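User: I would like to learn how to read burial and ligand surroundings from a set of coordinates. Could you take me through one case, step by step?

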Amino acid sequence: MNLSSFGNNGTSKEGNWSGLIQVSFFCFFLMLIGGCSEKASTNPQKPNIIIIYADDVGYGDLSSYGATEIETPNLDRLAAGGIRFTNAYATSAMCTPSRYSLLTGKYAFRHESAGILSAEDPLIIEPGSTTLPQMLEEAGYITSIIGKWHLGLGEKKEPINWNGEIKAGPLEVGFDQSFILPVTNDRIPTVFVEGHHVYQLSEEDEPLRVKYPEEGDHQYQEQQFGQGDASSPQVPQPLVGNLPSGHTHPEKLRYPADAQHSGTIVNGVSRIGYMSGGHSAWWDDEQMAATFVEKSESFIQENSENPFFLYLSLPENHVPRIPNSRFQDSSGTGLRGDAILELDWVVGEILNTLESNTLRDKSLVIFSSDNGPVFFDGYEDGALQKHNGHDPSGIYSGGKYTAYEGGTRMPTIVSWPGQIEAGTESDALISQVDLLASLAALVDVKLHDGNLDSKNVLDVLMGESEIGRDHLVQQSSDGLALKKGPWKYIEAGSRSGWAYNRHNISETPLNTDPLEDHEYLFNLEEDPEESKNVASKFPEKVKEMRSLLEEIKQAK
Ligand code: NG6
Ligand code: CA
């Protein structure tokens with residue numbers, strides 16, 4: 001008998017307390033007669049933990065999740081060796097909030113600054129607070145982040161000096177080592193930061209300077225110039241230095257960009273924001289995947305005797321999609337598909353490294369993505385025109401930014417050979433916010449922060465239980481949604497803005513009233529595509545879901 005899926009470390013306000021108390025008494029009684037084993041707490045195990053976190057990869061993007069136009073053999077190998085989750089979620093349909101939840105165990109809507117960040121935004125995780133790497137460090141792990149960070153750097157008061165010490169960042173919130181892409185690959189600066197310093201920045205270089213347009217500038221540019229019209233006499237000039245930008249030199253671009261992505265050109269692609277100097281440190285987009293593989297391999301090899309935690313946060317499939325030339329034109333589905341193949345290659349390299357170091361059986365590997373897919377996200381890179389029938393949201397509607405299932409339901413694979421049964425599938429409801437409490441249970445660390453949204457679903461992750469969460473919150477760019485049982489409730493206002501992006505394969509509005517500002521209720525069992533709003537048919541259910549969401553929002 002295994003009861004540990006009921007345990008939530010007392011961390012959540014959403015738990016069924018009376019059930020928990022009953023179970024605790026029952027468990028206590030069984031313990032007296034020697035029959036209750038809470039595997040995670042009485043027999044802690046310390047496998048290496050590797051979270052491979054992809055960017056903008058959708059539910060339908062992997063062949064193990066039904067893709068037919070794209071083959072992902074390495075991710076399929078991972079799935080064949082573990083559990084494939086079909087009801088697992090990121091907390092949000094955007095990057096920063098999902099990553100915030102993954103690392104802190106808290107819903108990001110509780111944090112006023114956890115929106116999509118720029119390179120001028122400070123760190124949004126409080127140094128010294130409970131985080132996934134800090135918890136694992138406490139359990140004796142060596143912890144490292146390699147890849148995309150996007151949770152802010154530095155402090156509020158002072159802008160970052162990119163030529164000096166860059167702090168606070170990952171090292172201040174629990175990572176022992178860090179090699180990061182600081183923001184997004186479509187944002188300036190296009191440099192890596194290792195520890196507290198820009199990687200490979202030469203002192204001989206002009207100082208690296210970074211500047212983003214103010215909100216007002218964005219709108220001004222967009223209204224005035226649309227897609228960076230160089231023939232206009234008022235072409236926006238760089239806000240720092242005088243390097244070519246998408247506005248000033250559109251003829252230098254691999255592909256056209258929208259006004260916001262028309263800042264400094266790096267490797268033939270204009271980015272959000274402006275940069276000058278620091279040229280020695282600029283990354284080569286085509287080598288990025290190989291760089292992260294190389295850094296990961298060294299970290300794994302150097303720590304083969306320790307339990308280690310590697311948060312490998314890959315930029316594929318975020319724009320701009322500039323895979324290595326080996327992958328360009330390899331998928332038959334345009335650059336978006338090519339980037340998925342590159343991601344799959346990285347996963348294969350990591351698995352091979354674990355195997356060749358005889359670490360595979362000692363390693364728990366978790367793969368997921370931060371938010372749903374998108375074709376056009378600022379660049380005319382042909383992704384939409386060349387999809388060749390590949391639908392990255394699978395059977396679901398929507399994608400990145402949206403409250404629909406495609407925004408947050410993520411391909412999620414958990415594998416630990418010898419401990420988790422291979423080739424299995426689970427439809428238990430889980431969220432990435434649960435990793436903190438679940439992994440804490442695995443390594444037997446008691447969490448000090450009592451205000452977490454994270455629930456211990458370790459038994460579900462281990463394939464020992466099908467009982468996941470009762471409900472979870474999905475954050476879109478415009479509001480919140482709540483999923484409970486077959487029901488999905490979307491609060492009023494949540495479908496504006498990006499709602500036209502309902503079905504990503506066409507990005508044409510299938511929805512007849514995309515901007516209606518009212519509540520939605522869907523029965524996902526009967527209508528997984530979220531096409532029939534049944535709110536007026538089930539007013540009591542709407543009321544119940546609305547008040548549960550309100551209760552979760554109010555919880556502190
Ligand atoms: C948006 C960008 C988008 C992408 C996103 C972050 C515009 C118009 N759009 O603001 O291109 O960079 O931020 O994506 O600027 S995420 O996956 O990191 O959340
Ligand atoms: Ca993302």
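User: Is D56 buried or exposed in this predicted model?

Analyst: A residue counts as buried when its relative accessible area is under 20%. D56 has a relative accessibility of 2%, and therefore counts as buried; D370, at 0%, counts as buried by that criterion too.

User: Which residues coordinate the calcium ion (ligand 2)?

Analyst: A site is read by listing the N, O and S atoms that serve as donors, which for Ca may lie within 3.2 Å of the metal. Here D55, D56, D370 and N371 coordinate the calcium ion (ligand 2) at 2.2 to 2.8 Å, with D370 appearing twice in the list. The angles among the six donor atoms run from 50 to 171°, and the site is irregular. Along the chain the donors follow the spacing D-D-x313-D-N. Because D56 sits in the loop between β1 (48-54) and α3 (73-80), while D370 sits in the loop between β13 (363-369) and α9 (405-408), the pair ties together parts that are 314 residues apart in sequence.

User: Which residues come nearest to ligand 1?

Analyst: One starts from the surrounding shell and then turns to individual polar pairs. Of the 18 residues around ligand 1, those that come nearest are C95, D186, R187, D377 and K400, and the shell divides into five nonpolar, six polar and seven charged residues. Oxygen atoms of ligand 1 lie 2.8 Å from an N or O atom in the side chain of H261, 2.9 Å from a polar side-chain atom of H318, and 2.8 Å from a polar side-chain atom of K400. Taken alone, ligand 1 exposes 450 Å², of which the protein buries 88%.

Key. Residues numbered from 1 in each chain as written. Chains lettered and ligands numbered in written order. Predicted model: local features only at pLDDT ≥ 70, side-chain atom pairs only at ≥ 80, totals over all residues. Heavy atoms only, no water. Near = heavy atom within 4 Å. Polar contact = N/O pair within 3.5 Å; in protein donor to acceptor, adjacent residues only side chain to side chain. Areas by Shrake-Rupley, 256 points an atom, 1.4 Å probe, with all protein chains shown as cover. Nonpolar A, V, L, I, M, F, W, Y, C, P; charged D, E, K, R; others polar. Tetrahedral: all angles 85-135°; square planar, octahedral: opposite > 155°, others 65-115°. Helix = DSSP H or I, 4+ residues; strand = E, 2+ residues; numbered from the N terminus. Buried < 20%, exposed > 50% of the residue type's maximum accessible area, 1.4 Å probe, protein only.
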